[in-house]
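Biologist: I have not looked at this one before. Can you walk me through it, a piece at a time?

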Amino acid sequence: MNQDSRQPILELRNVVSAYGRIRALKGISLKVFDGEIVTIIGANGAGKSTTLMTMCNVVKAVEGDIFYKGERINDVAPDQLPTRGLCQVPEGRRIFPRLTVTENLDMGAFFRRDSAGIKEDLERVYDLFPKLRERRRQLGGTLSGGEQQMLAMGRALMSRPRVLLLDEPSMGLAPLLVKQIFDIIATINGQGVTVVLVEQNANLALQCAQRGYVLETGSVVMEDEASALLHNPDIRKAYLGE
Amino acid sequence: MDYFIQQLINGLTLGGVYALIALGYTMVYGIIQLINFAHGEFFAAGGYMGVIFISWLAAQGVHPYVCLGIGLVLAMLYCAMLAMAVERLAYRPLRQASRLAVLLSALGMSIFLQNGLMLTQGQYDKAYPTEITAGGFQLGGLYISYMQCLIVALTIFLLVVLNLLVFKTRIGKAMRATAQDKVMSALVGINANHIIALTFAIGAGLAAAAGIMVGLYYGTVSYSMGFVPGIKAFAAAVLGGIGNITGAMIGGLIIGMVEIFAAGYISSQYKDVFAFIILIGVLYFKPTGIMGENVDDTRV
Ligand SMILES: Nc1ncnc2c1ncn2[C@@H]1O[C@H](COP(=O)(O)OP(=O)(O)OP(=O)(O)O)[C@@H](O)[C@H]1O
Ligand SMILES: [Mg+2]
């Protein structure tokens with residue numbers, strides 16, 4: 001199917017973001033379609049995290065437009081976006097350190113009022129991550145890195161997202177856990193959640209995603225099918241360590 | 001021995017008052033890292049609103065304890081709204097500014113509110129109706145006033161309610177989440193401005209209750225009454241570990257006890273000094289306070 005004929009669920013058009021006078025995104029355009037996994041890869045400091053934070057309006061775009069479900073959302077407050085199904089697991093997980101595991105998960109469902117549905121989702125998250133159930137009364141800050149990543153994903157799922165932005169979910173995890181996290185991403189995606197995946201581990205990310213964008217110092221330098229990027233010699237050299 | 005127990009009861013009463021005020025400092029600090037120097041003024045405003053509402057109701061022939069109850073609730077609500085207005089006007093516009101700027105704004109607000117109270121209420125003390133404040137009973141060699149009982153009971157009640165609110169409810173969790181990570185709490189849909197306003201409101205409500213208690217205990221209130229107890233309660237918050245709710249309660253009790261016992265056994269002339277000696281001692285030897293950092297999880 002021709003992708004450009006479809007309406008993207010999330011789109012950036014010529015977005016510029018800056019920290020003070022330093023422009024971290026220099027006019028980025030990208031599209032995310034309903035139901036797909038899109039990955040954004042790039043070197044350290046390329047602007048991947050900034051892209052995700054700009055999508056959530058935590059970093060305000062100084063130029064350009066952000067569209068979500070066909071609506072321009074530049075001026076929507078960041079705390080209103082989870083309500084609409086746009087949800088992020090940020091870099092470094094950002095678990096609430098002095099809330100328990102259960103309380104962290106509760107916060108994921110903060111804006112929801114359907115307590116029966118919340119309870120159901122809590123069980124589902126515990127089924128997905130049995131380790132969290134064991135540790136539900138433990139403080140978030142005392143979990144191991146891997147457990148924190150699971151908690152961060154679980155917390156995001158508690159909001160029943162339509163689009164999930166994941167910033168380096170494999171960071172600092174042992175290979176076995178990395179595989180588990182990627183399996184779970186595929187599962188979540190299979191349940192109809194659109195995923196935007198930022199990764200250092202470009203190899204795994206490109207295997208998991210349908211399409212990919214390559215970011216270099218604040219600009220998109222390439223976009224293609226993930227499989228094409230995976231076999232692109234330039235990409236292999238620059239990001240896959242060959 | 002009777003004297004000792006009498007002092008213990010007085011210390012508990014005063015300590016509870018300091019604890020209630022200290023909570024406002026500690027909660028606001030926990031959430032926006034601001035030492036709200038205007039906080040003592042909510043205590044004073046509460047004492048005044050108490051006089052105004054209670055005297056008016058008493059003049060209508062309402063039963064004294066009903067006057068007290070209604071007056072307390074109204075004064076707490078008034079101060080909660082006052083604090084939200086102060087936050088909105090004097091602190092929120094400076095959210096991105098340096099901490100010094102906000103601190104100066106707080107000092108300015110303190111002066112403004114204190115003078116506002118003097119201009120509107122006059123510079124002379126105002127008295128609570130004696131038919132409400134008078135009375136007490138003899139227990140062995142001890143004299144305990146009804147107001148003292150009321151103050152202790154009310155303090156315990158308010159502290160329990162606050163703990164339930166902060167540690168058990170959805171909004172309390174959101175408060176703690178906002179204190180811990182504002183960006184992340186926005187990413188889960190929490191409006192930080194609402195939570196901050198609520199924190200100010202709760203702190204000021206508790207301070208207002210403390211102001212009424214002091215008014216009932218001593219019989220009068222004055223426009224400048226917020227300053228000294230405000231600083232002592234701040235010392236209590238620092239002693240307990242600023243940002244920590246349990247710490248503020250413990251700190252308040254300790255400061256109250258120390259003050260009463262020092263006044264009783266050392267020198268009543270210098271009773272105000274001891275809170276500051278403790279403050280300096282804590283800042284010098286253990287700036288994180290009793291409950292600060294890693295001791296427990298009751299930071300906001
Ligand atoms: N809060 C900030 N203040 C100032 N500059 C920032 C801030 N956050 C990021 N930057 C700068 O913006 C640029 C892009 O950073 P960003 O975090 O988006 O990169 P990234 O691609 O996610 O890198 P990494 O792979 O290391 O996570 C970098 O040059 C960084 O130094
Ligand atoms: Mg990053």
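Modeller: Sure. Keep in mind that this is a predicted model. I'd start with B:S222, which is in contact with B:Y48 and B:D125 once its neighbours within four places in sequence are set aside.

Biologist: Where is B:S222 placed in chain B?

Modeller: B:S222 is in the loop between β4 (220-221) and α10 (227-240) of chain B.

Biologist: And is B:S222 buried or exposed?

Modeller: Buried. The relative accessible area of B:S222 is 17%, and the cut-off for buried is under 20%.

Biologist: OK, stay with chain B. What is its secondary structure?

Modeller: Chain B has 12 helices and 4 strands.

Biologist: How does its radius of gyration fit a compact globule?

Modeller: Chain B has a radius of gyration of 19 Å, and a compact globule with 300 residues would have one near 19 Å, so the two agree. Taken along the principal axes, the C-alpha atoms fill a box of roughly 60 × 45 × 35 Å.

Biologist: How much of chain B is buried, and what is its surface made of?

Modeller: Of its 300 residues, 55% count as buried. The accessible surface of chain B is about 12800 Å², and 70% of that belongs to carbon and sulfur atoms.

Biologist: What about charges on chain B?

Modeller: There are 14 positive and 11 negative side chains in chain B, with the centres of the two sets 11 Å apart.

Biologist: Which residue in chain B counts as exposed, for contrast?

Modeller: B:A59 is one of them, at 64% relative accessibility. B:A59 lies in helix α2 (residues 39-59) of chain B. Its C-alpha is 9.4 Å from that of B:P129, although the two are 70 residues apart in sequence.

Biologist: What share of the contacts in chain B joins residues that far along the sequence?

Modeller: I can give you the share at 24 or more positions apart. Such pairs account for 78% of the contacts in chain B with a separation of 6 or more.

Biologist: Switching to chain A. How many helices and strands?

Modeller: Chain A has 9 helices and 10 strands. Its radius of gyration is 17 Å, close to the 18 Å from the globule rule for 242 residues, so chain A is as compact as a globular protein of that length. The C-alpha trace spans about 45 × 40 × 40 Å along its principal axes.

Biologist: Same rundown for the surface, please.

Modeller: Chain A exposes about 10500 Å², with carbon and sulfur atoms supplying 49% of it. Buried residues make up 55% of chain A. Its 30 positive and 29 negative charges have mean positions 4 Å apart.

Biologist: And contacts in chain A, for residues 24 or more positions apart: what percentage?

Modeller: They account for 66% of the contacts in chain A with a separation of 6 or more.

Biologist: There's a magnesium ion. What coordinates it?

Modeller: The magnesium ion (ligand 2) is coordinated by A:S49 through OG and by A:E91 through OE, the latter listed twice, at 1.9 to 2.7 Å. A:S49 is in helix α1 (residues 48-55) and A:E91 is in the loop between β6 (86-89) and α2 (101-108), so the pair links distant parts of the chain, 42 residues apart.

Biologist: How accessible are A:S49 and A:E91?

Modeller: Both are partly exposed: A:S49 has a relative accessible area of 21%, and A:E91 has 37%.

Biologist: Any odd backbone angles?

Modeller: Some background: most residues other than glycine have a negative phi. A:N57 has a positive phi of about 65° and is not a glycine. A:N57 is in the loop between α1 and β4 (61-68), and is buried at 1% relative accessible area.

Biologist: Which other residue has a positive phi, near 50°?

Modeller: That is A:E168. A:E168 sits in the loop between β7 (163-167) and α6 (175-190) of chain A, and is buried, with a relative accessible area of 6%.

Biologist: Last one. What is A:V15 in contact with?

Modeller: Neighbours within four places aside, its contacts include A:L25, A:I28, A:T54, A:A61 and A:I66. A:V15 lies in strand β1 (residues 10-19) and counts as buried at 0% relative accessibility. A:V15 and A:M55 are 40 residues apart in sequence, with 9.7 Å from C-alpha to C-alpha.

Notes
Residues numbered from 1 in each chain as written. Chains lettered and ligands numbered in written order. Predicted model: local features only at pLDDT ≥ 70, side-chain atom pairs only at ≥ 80, totals over all residues. Heavy atoms only, no water. Helix = DSSP H or I, 4+ residues; strand = E, 2+ residues; numbered from the N terminus. Rg over C-alpha atoms; globule rule 2.2 N^0.38 Å. Buried < 20%, exposed > 50% of the residue type's maximum accessible area, 1.4 Å probe, protein only. Contact = heavy atoms within 4.5 Å. Areas by Shrake-Rupley, 256 points an atom, 1.4 Å probe, with all protein chains shown as cover. Lys, Arg positive; Asp, Glu negative; His and termini not counted. Charge placed at Lys NZ, Arg CZ, Asp CG, Glu CD. Donors = N, O, S within 2.8 Å, 3.2 Å for Na, K, Ca; no water.
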